[in-house]
Number of protein chains: 2
Amino acid sequence: MGLTKRQQEILDFIRKQVRTHGVSPSVREICHHFGLKGPAGVHRILKVLEQQGYITSIPGKKRTWRPAGGAGRSMPVLGNIAAGIPIDAQEDLVEELPVDTALFGSDDCFGLLVKGDSMVDLHIMDGDIAIIRPCHQVEHGNVAAVMVQGVLPEATLKTVKFHEDGIELHAANPLYEPLTFLGDEARRVQIIGKLAGIIRRNR
Amino acid sequence: MGLTKRQQEILDFIRKQVRTHGVSPSVREICHHFGLKGPAGVHRILKVLEQQGYITSIPGKKRTWRPAGGAGRSMPVLGNIAAGIPIDAQEDLVEELPVDTALFGSDDCFGLLVKGDSMVDLHIMDGDIAIIRPCHQVEHGNVAAVMVQGVLPEATLKTVKFHEDGIELHAANPLYEPLTFLGDEARRVQIIGKLAGIIRRNR
DNA sequence: TTGAAATATGAACAAATGTTCACTACCATT
DNA sequence: AATGGTAGTGAACATTTGTTCATATTTCAA
């Protein structure tokens, strides 16, 4: 079976600390975060997590308790986005990439799994991970992850074009017709974020 | 102006340690690596590197001296490869990507800056970073970084095809003619490594 | 209720480690 | 030779921090 509530909390805290600060927390910093008085309790839990294979340390060395699979900052990859920008949504999380979000210019960047060939003209392929930098507005011609209420069930990559009277969403593939939203219709278009990059892994 | 020899050595060591171990070295570990007796000298240099913006630390906290731009493991990106696999070649190093090499399956992966449109059919664009996993042999049809003595001045991405009597190197672009090497000629083809992935950053 | 497992507390020890200071050595330039 | 920047040595101090032990408290299922 899985982990205890406390064990999970502590594991999450370590991961989050390493992800954001790039430095492992000390045992006492973990204590302080949970309002505990002494390091003993946390230390025992660390031992448990180590035995389960979740974390590692170099015995005796300071600040070496860190996630096992690989230390360092990371970036979440989402399978799809159903509503709004997922802040801490665990549901659609496909994996954590061992990549510093700084690589793509912003701390809140995240990956979005690309499905289908709709962006093939931009050399983005099925299975690629599109890196999205969250924002609410884009310029004419930018590629962005967008959602359209009632039309696109999940966030999709489109080239966004603005006209006097509306918004046009283009797939980068001649096989797909552009979507046009005129007047009030345009309000249904929700910008998730701008395309900041691509990561592809060959099988 | 740049850094002193010692300063550069220490900076490189810190980067390498963080890259491979995921944990910052302690001041004394740095001393030991260079055969120094006391931590004082190194500490002074660390201060210099900090002031220059290369590294950061949380004053007083243990093991918090780490590369400034982003902690965690990283992967070197090379502009071009003139001869053999560059183990520690600093010359052609374009930058360090804050990406764990584990993402692409092997510790010795490195990035190679893609120039030109010769791989456009594989959806690899000018400016992309091709991730190369070093190896000496590839299978028929694999995409690899190759060099050809006297023909290709630097490592280039090609689709490698084997025939009864030789090797054919194809660019993934109809505008480029494939290169054919028959018989003994084939020995001039040197495989640098296999294409493991792509990282693209949009401007 | 009862008992085992998980947690928390308090105290204390030993190491690891950052940091500082004074002094010496080397090296290139003036 | 004098000077100034960079480096190395030795010693010492103060914290941070991992680790352990014994004991109390909570939780939760049998």
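Here are some questions and answers on a predicted model of chains A and B.

Colleague: Which residues touch the most other members of the largest nonpolar core?

Modeller: That core has 22 residues. Among the elements giving it two or more residues are strand 3, strand 6 and strand 11 of chain A. Strand 3, strand 6 and strand 11 of chain B do so too. The residues touching the most other members are Val99(A), Phe104(A), Ile199(A), Val99(B), Phe104(B) and Ile199(B).

Colleague: Which residues of chain A does Phe104(B) touch?

Modeller: Phe104(B) has contacts in its own chain, including Met75(B), Val99(B) and Ile131(B). Phe104(B) also touches residues of chain A: Ile199(A), Arg200(A) and Arg201(A).

Colleague: How much area do chain B and chain A bury between them?

Modeller: The size of an interface is often given as the accessible area lost when the parts come together. Here 33 residues of chain B are in contact with 33 residues of chain A. Of the buried area, 58% is on carbon and sulfur atoms. The area is about 2,800 Å².

Colleague: Which three residues supply 22% of the area that chain B buries against chain A?

Modeller: No other three residues of chain B supply more. They are Leu103(B), His123(B) and Arg200(B).

Colleague: Which element gives the largest share of the side of chain B that touches chain A?

Modeller: Polar contacts between chain B and chain A count 13 residue pairs. The largest share of the touching side of chain B is seven residues. They come from strand 11 of chain B.

Colleague: How far apart are the closest N and O atoms of Glu29(B) and Lys61(A)?

Modeller: Two salt bridges are found across the interface of chain B and chain A. Glu29(B) forms a salt bridge with Lys61(A). The closest N and O atoms are 3.2 Å apart.

Colleague: Is His123(A) buried or exposed?

Modeller: His123(A) sits in the loop between strand 5 and strand 6 of chain A. Among its contacts are His123(B), Met125(B) and Arg200(B). Its relative accessibility is 15%, and the cut-off is under 20%. Therefore His123(A) counts as buried.

Colleague: Which helices do the buried residues of helix 2 of chain A pack against?

Modeller: The buried residues of this helix are Val27(A), Ile30(A), Cys31(A) and Phe34(A). They fall within an arc of 100 degrees, so they line one face of helix 2 of chain A. On the other side, Arg28(A) and His32(A) are exposed. The buried residues pack against helix 1 and helix 3 of chain A.

Colleague: What phi does Gly35(A) take?

Modeller: Gly35(A) comes just after helix 2 of chain A. Its phi is positive, about 70 degrees.

Key:
Residues numbered from 1 in each chain as written. Chains lettered and ligands numbered in written order. Predicted model: local features only at pLDDT ≥ 70, side-chain atom pairs only at ≥ 80, totals over all residues. Heavy atoms only, no water. Core = buried A, V, L, I, M, F, W, Y, C linked by side-chain atoms within 4.5 Å. Buried < 20%, exposed > 50% of the residue type's maximum accessible area, 1.4 Å probe, protein only. Helix = DSSP H or I, 4+ residues; strand = E, 2+ residues; numbered from the N terminus. Contact = heavy atoms within 4.5 Å. Arc of directions from axis to C-beta. Buried area = accessible area lost by both parts, 1.4 Å probe. Salt bridge = Lys/Arg side-chain N within 4 Å of Asp/Glu carboxyl O. Polar contact = N/O pair within 3.5 Å; in protein donor to acceptor, adjacent residues only side chain to side chain. Lists of a residue's contacts leave out its neighbours within four places in sequence.
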